[in-house]
Amino acid sequence: MRFSFRAALLSCALFSTAGTLSAADTAPKTAPSAQPDDHFTGIAALLPADSTTKHHYGSIAYTAHAGTLTLRDANGAPSARVFYVAYTKDGATAAKRPVSFFFNGGPGGGTAYLHLGAAGPVALTMPSKDPTDGAHATLGENPDSWLPTTDMVFIDAIGTGYSRPTDPAKASGEFYGVKQDASAFAKVIQLWIANNNRQESPHYLVGESYGGIRAIQVANALQLEQNTLLDGLVMLSPAIEMPLLDTEDNPLSAALMLPTLISAHQSPSTTPQTADTAYQWAMTTYLTKVAGKITDNDTAFYHDVATRTGLPESVIARQHGIPAIGSHDVMSIDGRLHGLYDYTQTIADPAADGLDESPDPTLFGFGRAYGNAFSGYAASALGFHTPLTYDLLSLSVNASWKWSAGGPSPIHQIPVLNRLLALNPSLRIFVANGYYDLACPFGTAHWMKDHLTVGSDRVSLHLYQGGHMLYLRPESRHAFAADVQSWMNTDAH
């Protein structure tokens with residue numbers, strides 16, 4: 001997987017706070033985060049004791065707990081300190097109150113995106129006049145927090161955010177791989193459940209981007225290694241089958257990507273109906289054509305693709321009907337650089353001449369605002385002070401990732417998902433996609449549902465205006481939160 005063009009999540013700039021928390025609400029209280037005989041050294045020693053603070057979200061009184069959980073090796077020695085923030089509603093009946101565990105993707109992305117972007121009690125909002133201006137993003141109460149519906153535990157993967165291995169030299173072998181990562185997350189979740197006596201609560205996983213693969217793998221590890229069955233998975237802009245995200249020399253991947261380009265060209269008039277029409281055309285007429293023989297004389301076909309996508313016909317012809325995602329011809333038009341994570345968002349292309357690689361505006365621009373915003377929020381509101389930099393997007397973790405035990409090929413997820421749905425008849429899956437996301441196109445989720453052999457009736461697909469981080473648009477964040485709340489409440493009954 002090429003980190004610059006595929007399923008990562010994202011983002012450190014300037015922010016201002018506009019919350020409603022009082023000084024009494026945010027006064028930190030500390031609690032022990034490790035065994036008394038644990039002696040941390042190096043980077044892991046820079047993580048402070050846990051902090052517990054009291055807050056209000058409207059009429060809801062809740063407790064925020066920012067701290068770490070310690071993972072141990074086969075000999076019982078600490079191997080990692082995993083950072084998390086838990087929000088729990090005060091006075092709720094634990095057995096009936098759902099708890100949701102959140103993580104982002106990358107691999108190498110911290111969970112500040114989902115935390116401050118989608119579901120936490122505070123949210124970072126980009127300026128309405130220019131959503132790509134991360135320098136003027138503001139942090140304030142999130143009107144669409146999931147707190148009224150579920151307790152929440154946001155977890156940073158080891159090597160990201162504030163989570164750190166105790167021995168960085170061993171981290172790649174211990175944690176940076178599909179299976180190793182899933183086992184570590186499953187153990188962290190089991191520790192939190194045990195420490196907080198939440199065994200009887202309904203349990204959910206929420207993953208974004210590579211977090212889709214992570215959700216499937218963690219659900220499997222929880223079931224097989226920690227004896228924990230889940231009530232549901234929420235997958236936002238998920239990577240599911242990695243080969244489907246690479247359109248080079250793969251006609252099926254090209255067909256699954258094309259509805260996103262068509263939807264972006266139709267924006268803002270895109271609807272579920274127009275998106276489905278684009279998907280059906282791509283999987284029939286288009287796929288049949290690109291899977292067969294294409295010649296330079298297929299001008300009618302090239303014209304049709306160009307008309308539907310809005311791309312220049314000369315580009316479509318030069319690329320033989322399959323737009324090369326990431327190429328300068330597709331991503332940069334008339335001096336404007338289109339985003340991989342939301343093709344409808346553009347910035348001035350700093351490499352409009354095509355001589356240098358153009359940086360993705362979300363990954364390397366405004367999305368970075370989440371890192372600085374989270375470190376400030378953790379210190380001022382949650383009482384978690386550390387000299388560590390919040391590692392929002394670790395390129396070293398991504399470069400070290402092991403996709404399978406036997407070689408470079410990714411582990412296939414649909415067989416794992418079939419198994420989970422078969423063995424747990426109560427498991428339900430909520431998938432959310434943005435219309436304009438080229439990193440993890442909505443067509444791949446549609447294809448996944450169509451190719452499940454078990455439990456496809458328990459998988460619901462939801463489309464929203466926006467891209468990979470659909471919650472960047474306040475109206476989509478609101479709709480997403482309302483849909484998840486309705487889905488969880490249906491599960492409860």
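The buried residues of helix α7 are Ala275, Ala278, Tyr279, Trp281, Ala282, Tyr286, Leu287 and Val290, and that makes a good way into this predicted model. From there, this briefing moves on to the aromatic rings, one residue of helix α4, some backbone details and the confidence scores.

**Helix α7**

- The buried residues of α7 pack against three helices and a strand, namely α6 (251-266), α8 (299-309), α15 (442-450) and β17 (459-464).
- Helix α7 covers residues 272-291, which is 20 residues. From its first C-alpha to its last it reaches 26 Å, close to the expected 28 Å.
- Have a look at alanine 282, where α7 bends by about 40 degrees; Ala282 is also one of the buried residues of this helix.
- Just before α7 comes a cis peptide bond, from serine 267 to proline 268, with omega near 5 degrees. Proline 268 lies in the loop between α6 and α7.
- Lysine 289 lies over the face of phenylalanine 301, at 5.9 Å from the ring centre.

**Aromatic rings**

- The model holds 27 aromatic pairs. One of them joins phenylalanine 102 and tryptophan 146, with 5.3 Å from centre to centre and 55 degrees between the planes, a tilted arrangement.
- Phenylalanine 102 sits in strand β6 (residues 99-103) and tryptophan 146 in the loop between β8 (137-141) and β9 (151-155), so this pair ties together parts that are 44 residues apart in sequence.
- Both phenylalanine 102 and tryptophan 146 are buried.
- The two residues also belong to one aromatic cluster, formed by Tyr62, Tyr87, Phe102, Trp146, Phe154, Tyr204, Phe430, Tyr464, Phe480 and Trp487.
- Elsewhere, arginine 81 lies over the face of phenylalanine 40, at 4.3 Å from the ring centre.

**Isoleucine 193 in helix α4**

- Isoleucine 193 has its place in helix α4 (residues 178-195). Its relative accessibility is 5%, so isoleucine 193 counts as buried.
- Leaving aside residues up to four places away in sequence, isoleucine 193 touches Phe101, Arg198, Gln199 and His203.
- Valine 99 is 94 residues away from isoleucine 193 along the chain, yet their C-alpha atoms are separated by 9.2 Å.

**Backbone details**

- A cis peptide bond joins glycine 106 and proline 107, with omega about -10 degrees. Proline 107 is in the loop between β6 and α2 (112-119).
- Asparagine 197 is not a glycine, but its phi is positive, near 50 degrees. This residue is found in the loop between α4 and β11 (203-208), and asparagine 197 is exposed, with a relative accessible area of 61%.
- Serine 209 likewise has a positive phi, about 65 degrees, without being a glycine. Serine 209 lies in the loop between β11 and α5 (211-225).
- Is serine 209 buried or exposed? At 0% relative accessibility, serine 209 counts as buried.

**Confidence**

- The protein chain averages a pLDDT of 90, and 91% of the residues score at least 70.
- Please read residues 1-33 with that in mind: over this stretch the pLDDT is below 50. The stretch nevertheless has 142 contacts in the model beyond near neighbours in sequence.

Notes. Residues are numbered from 1 along each chain as its sequence is written. This is a predicted model: local features need pLDDT of at least 70, side-chain atom pairs count only at pLDDT 80 or more; totals for chains, interfaces and linings use all residues. Side-chain values use heavy atoms; hydrogens and water are left out. Rings of Phe, Tyr and Trp (its six-membered ring) pair if their centres lie within 6.5 Å; planes under 30 degrees apart count as stacked, over 60 as edge-to-face and the rest as tilted. Helices (H or I, at least four residues) and strands (E, at least two) are DSSP runs, numbered from the N terminus. Buried means under 20% relative accessible area, exposed over 50%, partly exposed in between (1.4 Å probe, protein chains only). A charge sits over a ring if NZ of Lys or CZ of Arg is within 6 Å of the ring centre and within 35 degrees of the ring normal. The expected span of a helix is 1.5 Å times one less than its number of residues. The bend at a residue is the angle between axes fitted to the seven residues ending there and the seven starting there. Contact means heavy atoms within 4.5 Å. pLDDT is the predictor's confidence in each residue, from 0 to 100.
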